[in-house]
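Please read the following with the sequence and the model side by side. The walk-through begins at a loop and then moves to the sheet, the helices and the cores.

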Amino acid sequence: MIKKKIRHIQRYRDIVYAFTKYGFGFVMKELGLLDLLAVPKRVFVEGNKTLKTRTTGERIRMFLEELGPTFVKIGQIASTRPDIIPAEILHELVKLQDRVSLFPFDEVKRILEEELADSLENSFAEFSETPLAAASIGQVHSAVLLTGERVAVKIQRPNIMSVIETDLEILQDLARLAESRINWVERYQIRTIVEELSRSLREELDYENEGRNAEKIAKQFSKDTKVHIPKVFWVYTTKKILTMEFIDGIKLNEIEKLHQEGYDTKVLGEKVVHAIFHQILIDGFFHGDPHPGNIVALPGQVIAFMDFGMVGRITPEMRSLIASFVIALMRKNTADVVRAITSMGLVPEDVNVKQLHSD
């Protein structure tokens with residue numbers, strides 16, 4: 001218990017230091033954490049230097065990278081929201097999708113051999129020491145199985161579980177503090193958002209769960225030749241290792257490359273929209289993190305989904321209400337839109353209904 005408290009205090013100081021270092025100390029000051037944790041004045045000087053040389057987007061990205069996996073995941077989620085995030089900040093957050101810091105191959109090998117209870121050489125015919133990509137929770141290496149199949153192997157970062165658990169507890173504390181001190185925060189239900197993020201991240205830490213998610217979504221498209229879900233190799237999969245079919249495609253945000261290779265981006269866009277609506281409205285089980293790093297184009301105008309750690313589930317009743325909401329939007333029917341979102345439970349009881357209609 002004492003070690004846990006010490007770890008929390010140290011992590012709190014890391015967070016406060018990062019906020020001030022990158023010029024966002026005013027947030028910590030408003031929460032009353034600067035005096036509490038006795039942050040040195042020199043931090044503010046460093047923060048001011050950073051302000052002069054970096055854009056806001058760069059500072060936010062660097063701040064999230066410095067604080068590690070939990071905060072990188074928050075940035076990745078934000079990077080898919082051009083509707084609320086300014087373009088100059090979004091441009092930097094997109095870099096968090098697959099350009100996260102790497103961990104050494106010695107650690108990769110150690111984790112693999114511990115999880116598979118065998119040597120790397122006995123498990124794979126080939127294994128690349130250079131990662132294909134690094135994500136917030138793990139990094140991916142290409143390999144070839146002894147049976148000849150080319151695969152992508154995702155290995156969880158060392159000691160990631162304790163780091164994320166500490167961060168999530170601190171985020172919950174900060175959310176409670178913010179709701180009690182800052183008027184507008186409570187309206188956005190920040191604590192509920194943090195609780196949902198916590199549930200999702202804990203699920204992502206179990207790669208066996210991710211493998212099951214992939215197979216469940218694969219069944220949805222078993223008869224659709226234009227949507228591909230990579231195969232899971234269960235013999236080489238554990239809670240910390242996920243081995244899947246290697247997918248060599250072009251990311252959907254690489255527009256010029258897609259055009260050069262002869263892809264019809266309109267067709268690809270329509271296929272993505274149809275695939276996501278099918279998951280949400282027909283099956284009620286859907287990919288919860290469909291950023292451009294997780295969807296690629298394959299030859300023949302085929303799209304492939306990857307990374308199934310974050311998924312969503314919707315009840316039949318909610319699917320019906322979402323369908324009603326979409327139809328109401330298409331028809332530009334204000335009354336039906338309000339009726340749908342009210343039935344979803346998204347409208348507070350004390351809302352001014354006339355003003356809501358007007359808005």
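**A loop, a sheet and its surroundings**

Q301 counts as partly exposed, because its relative accessibility is 21% and the buried class ends under 20%. The model is a predicted one. Q301 lies in the loop that links β9 and β10. Its phi is positive, about 60°, although the residue is not a glycine. The strands on either side of this loop, β9 and β10, form a hairpin with three residues between them. G300, also in the turn, has a positive phi of about 85°.

The two strands of the hairpin pair in the antiparallel sense over four bridges. Strand β9 covers residues 295-298, and strand β10 covers residues 302-305. One pairing to look for is L298, whose bridge partner in β10 is V302.

The hairpin belongs to an open sheet of four strands, in the order β5-β10-β9-β7 and with mixed pairing. Strands of a sheet pair through backbone hydrogen bonds, either parallel or antiparallel. At the edges are β5 (227-228) and β7, each of which pairs on one side only. Strand β5 runs parallel to β10 and is joined to it by two bridges; here V227 stands opposite I303 of β10. On the other edge, β7 (residues 250-251) runs antiparallel to β9, again with two bridges. In that pairing K251 has V296 of β9 as its bridge partner.

Where do the side chains of β9 point? In a regular strand the side chains alternate between the two faces of the sheet. I295 and A297 point one way, V296 and L298 point the other way, and all of them are buried.

Helix α15 packs on the sheet and touches β5, β9 and β10. The direction of α15 makes about 45° with that of β10. Helix α15 (residues 265-283) also meets helix α16 (residues 316-331): their axes come within 8 Å and cross at roughly 130°. Because of that angle, α15 is oblique to α16. From α15 the contact uses F277, I280, L281, I282 and D283, and from α16 it uses R319, I322, A323 and V326. Sorted by class, seven residues of this contact are nonpolar, none is polar and two are charged.

Which residues have the most contacts inside the largest nonpolar core? They are I303 and F305, in a core of 60 residues. Helix α10 (residues 160-181) gives the most to this core, with eight residues. Apart from neighbours within four places in sequence, I303 is in contact with K226, V227, H228, L268, K271, V272, A275, I295 and V296. A second core, separate from the one around I303 and F305, has 17 residues, including F127, V151, I155 and I241.

Two further places are worth a look. The loop between β4 (150-156) and α10 holds N159. N159 has a positive phi of about 55° although it is not a glycine. With 63% relative accessibility, N159 counts as exposed, since the exposed class begins over 50%.

Helix α6 (residues 69-78) is in another setting. Seven of its ten residues are buried, so α6 is largely enclosed by the rest of the structure. The buried residues of α6 are P69, T70, F71, V72, K73, G75 and Q76.

Notes:
Residues numbered from 1 in each chain as written. Predicted model: local features only at pLDDT ≥ 70, side-chain atom pairs only at ≥ 80, totals over all residues. Heavy atoms only, no water. Axes fitted to C-alpha atoms, helices over the stretch in contact; angles between N-to-C directions. Parallel < 35°, antiparallel > 145°, perpendicular 65-115°, else oblique. Contact = heavy atoms within 4.5 Å. Nonpolar A, V, L, I, M, F, W, Y, C, P; charged D, E, K, R; others polar. Buried < 20%, exposed > 50% of the residue type's maximum accessible area, 1.4 Å probe, protein only. Pairing = 2+ DSSP bridges. Core = buried A, V, L, I, M, F, W, Y, C linked by side-chain atoms within 4.5 Å.
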